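Colleague: I should like to request a close look at a single part of this model. Please set out the matter formally, in terms that a first-year student can follow.

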Amino acid sequence: MSVKCLGHLSQVWSAALQAAADLSGVKGQVLRLDPEDDGGWRADIEVLEDNELIKSLNLPTRGPVKDRNVFVLRLDRKLELTRFTRLPHREWLALEAQDS
């Protein structure tokens, strides 16, 4: 893999993480990064977000209660977000198992 290719991959990686952070308000972790036929990219980013139900009920907890979610992002060739889906981690795992 060339240095130029690695540089572009790094840009895609950063753009995907930034898009997920903009959507969720928290930093994420890249689970999957795939090029698409039209020059765009698919990026699956895992994030840990506050559990909204627990938060809204003001239930006492010993620490923050987090939900593990995955943003499935679609970036165009300019690395701009064109589409996203937010899935609970368990649903994402089921979809990944179907793809294999």
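The request and the reply to it follow.

Colleague: Where does Arg42 lie, and which residues does Arg42 touch, not counting residues up to four places away in sequence? Please continue from there to the nonpolar core and to the surface.

Modeller: Please bear in mind that this is a predicted model. Arg42 lies in strand 2, which covers residues 41-50. Not counting residues up to four places away in sequence, Arg42 touches Arg32, Leu33, Asp34, Glu36, Val72, Leu73, Trp92 and Glu96. With one of these, Glu96, the side chain of Arg42 makes a polar contact of 3.5 Å.

We may now turn to Ala43. When neighbours within four places in sequence are left aside, Ala43 is in contact with Ala16, Arg32, Leu33, Phe71, Val72 and Leu73. Arg32, Leu33, Val72 and Leu73 therefore appear in the lists of both residues, given that contact here means heavy atoms within 4.5 Å.

Ala43 also leads us to the largest nonpolar core, which has 15 residues. The members that touch the most other members are Ala16, Leu33, Trp41, Ala43, Ile45 and Leu73. Two or more residues of this core come from each of helix 1 (3-24), strand 1 (28-35), strand 2 and strand 3 (66-75). Helix 1 makes the largest contribution, with 5 residues.

Helix 1 also holds Leu23, and with Leu23 we pass to the surface. Leu23 counts as partly exposed because its relative accessibility is 33%, a value between the limits of 20% and 50%. Together with Leu81 and Phe84, Leu23 forms a nonpolar patch on the surface, and the three have about 230 Å² of accessible area together.

Finally, two loops deserve attention for their backbone angles. Most residues other than glycine have a negative phi. Asn58, however, has a positive phi, near 55°, and is not a glycine. Asn58 is placed in the loop between helix 2 (52-57) and strand 3. Its relative accessibility is 66%, so Asn58 counts as exposed. Leu79 is likewise not a glycine and has a positive phi, of about 65°. Leu79 lies in the loop between strand 3 and strand 4 (81-88). Here the relative accessibility is 18%, and Leu79 therefore counts as buried, since buried means under 20%.

Technical notes
Residues numbered from 1 in each chain as written. Predicted model: local features only at pLDDT ≥ 70, side-chain atom pairs only at ≥ 80, totals over all residues. Heavy atoms only, no water. Helix = DSSP H or I, 4+ residues; strand = E, 2+ residues; numbered from the N terminus. Polar contact = N/O pair within 3.5 Å; in protein donor to acceptor, adjacent residues only side chain to side chain. Core = buried A, V, L, I, M, F, W, Y, C linked by side-chain atoms within 4.5 Å. Buried < 20%, exposed > 50% of the residue type's maximum accessible area, 1.4 Å probe, protein only. Patch = residues over 30% accessible without salt bridge, like charges linked within 9 Å, V, L, I, M, F, W, Y side chains within 5 Å. Areas by Shrake-Rupley, 256 points an atom, 1.4 Å probe, with all protein chains shown as cover. Salt bridge = Lys/Arg side-chain N within 4 Å of Asp/Glu carboxyl O.
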